[in-house]
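Biologist: I have a structure open and don't know where to begin. Could you walk me through reading it?

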Amino acid sequence: MNRLIDTLICTDKANKVLAESYAKALYVDLCEIDLSNELSSKAFAKFFSDKTSKDCILLMDEEGLHLQMLHPAVFKIQVNFVSSQMEYRRTKGGGSNQLIAKSVGIKPNFFPVVIDATAGLGKDAFVLASLGCNVTMAERNSCVRLLLEDGLRRANEVAKKNPELKIIMERLNLVSGDAKELFQSQLIESAEVIYLDPMFPHPEKRVLVKKDMQMLQFLVGEDEDSKCLLDSALSTKVGRVVVKRSRKVNAIASKQASYVLKGKRNRYDIYLNHPNS
Ligand SMILES: C[S@@+](CC[C@H](N)C(=O)[O-])C[C@H]1O[C@@H](n2cnc3c(N)ncnc32)[C@H](O)[C@@H]1O
């Protein structure tokens, strides 16, 4: 049984079988509900709160799998690679001039193979894939991974009728488990960059932190072993290791980064494992 979630509520009959498999994968109860009438957000929270002893549930509705917070605030998040924000970022986000592109070393004719060892909600991985990189995402939290899986499933459906998106989706691959194990596997042989964005304590006021980050903090907490993850990445033969951090927090490692790219809110600490990379 998951410590933070005990119920998956399915309100979408068409996705009942999928909801069953998700509930089984997470060892949570499945509850099917026919929601024919619209509920106000307060009534909605009360209605769902009666089905669980936790502060949130997983919700499978017509728009796919969500993490639905019920207490203290009512809001939901999901992985959505085809949202208007992701579309805007993809088409107007600055292409290879973005710091993230520079951080992994994208050049006009070079699109490195990346291991995103801290996939989270897959936003950075999707940006890198849309810029031309093949990206293997690793996510160890089973609930976050399920949200990612569902986001990939829905985007792959849309991609069937969208050739441009199809090419991007084909560059994305999700693996389970701790990335440190991935570093010991064959997949590391073809990787040119390891990208790390572990959770860190947010110095900003809670209200300033985006809802999806609040939800990740709730699910994952702080990645207290991030130094160990970085050391493990640096011990591979991969030539470039990138760590994304908020500008306001310290670097993870005792070892100094080769150089740092600074943006308005984030910075990228770049460790060149081999001098020519
Ligand atoms: C800040 S989030 C990453 C956000 C992501 N860059 C995005 O664009 O959505 C950090 C994620 O890394 C995952 N994580 C941390 N350490 C990990 C490890 N050693 N192996 C796999 N996943 C890890 C956490 O579970 C969490 O979901």
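**Where two domains meet**

Modeller: Sure! Bear in mind that this is a predicted model. Let's begin with the domain contact: nine residues of domain 1 are in contact with nine residues of domain 2.

Biologist: Which elements each supply at least two residues of the side of domain 1 that touches domain 2?

Modeller: Those are helix H1 (16-26), strand S4 (64-69) and strand S5 (75-77). S4 gives the largest share, with four residues. Sorted by class, that side has eight nonpolar residues, one polar and no charged ones.

Biologist: And where do the domains lie along the chain?

Modeller: Domain 1 covers 7-77, and domain 2 covers 84-272. Their centres, taken over C-alpha atoms, are 28 Å apart.

Biologist: Okay, now the ligand. Which residues come nearest?

Modeller: Out of 22 residues around the ligand, the nearest are Thr118, Gly120, Lys123, Arg140 and Ala179. Helix H5 (123-130), strand S7 (135-139), helix H8 (179-182) and helix H9 (211-220) each give at least two residues to this shell. By class, the shell has ten nonpolar, four polar and eight charged residues.

Biologist: Stepping back, how many helices and strands does the chain have?

Modeller: Ten helices and twelve strands. The chain's radius of gyration is 19 Å, close to the 19 Å from the globule rule for 277 residues, so the chain is as compact as a globular protein of that length.

Biologist: What share of the residues is buried?

Modeller: Buried residues are 36% of the 277 in the chain. Here, "buried" takes 20 or more other C-beta atoms within 10 Å of a residue's own.

Terms used: Residues numbered from 1 in each chain as written. Predicted model: local features only at pLDDT ≥ 70, side-chain atom pairs only at ≥ 80, totals over all residues. Domains from an automatic or database assignment. Contact = placed C-beta atoms within 7 Å. Nonpolar A, V, L, I, M, F, W, Y, C, P; charged D, E, K, R; others polar. Near = placed C-beta within 6 Å. Rg over C-alpha atoms; globule rule 2.2 N^0.38 Å. Buried ≥ 20, exposed ≤ 12 C-beta atoms within 10 Å, placed from the backbone.
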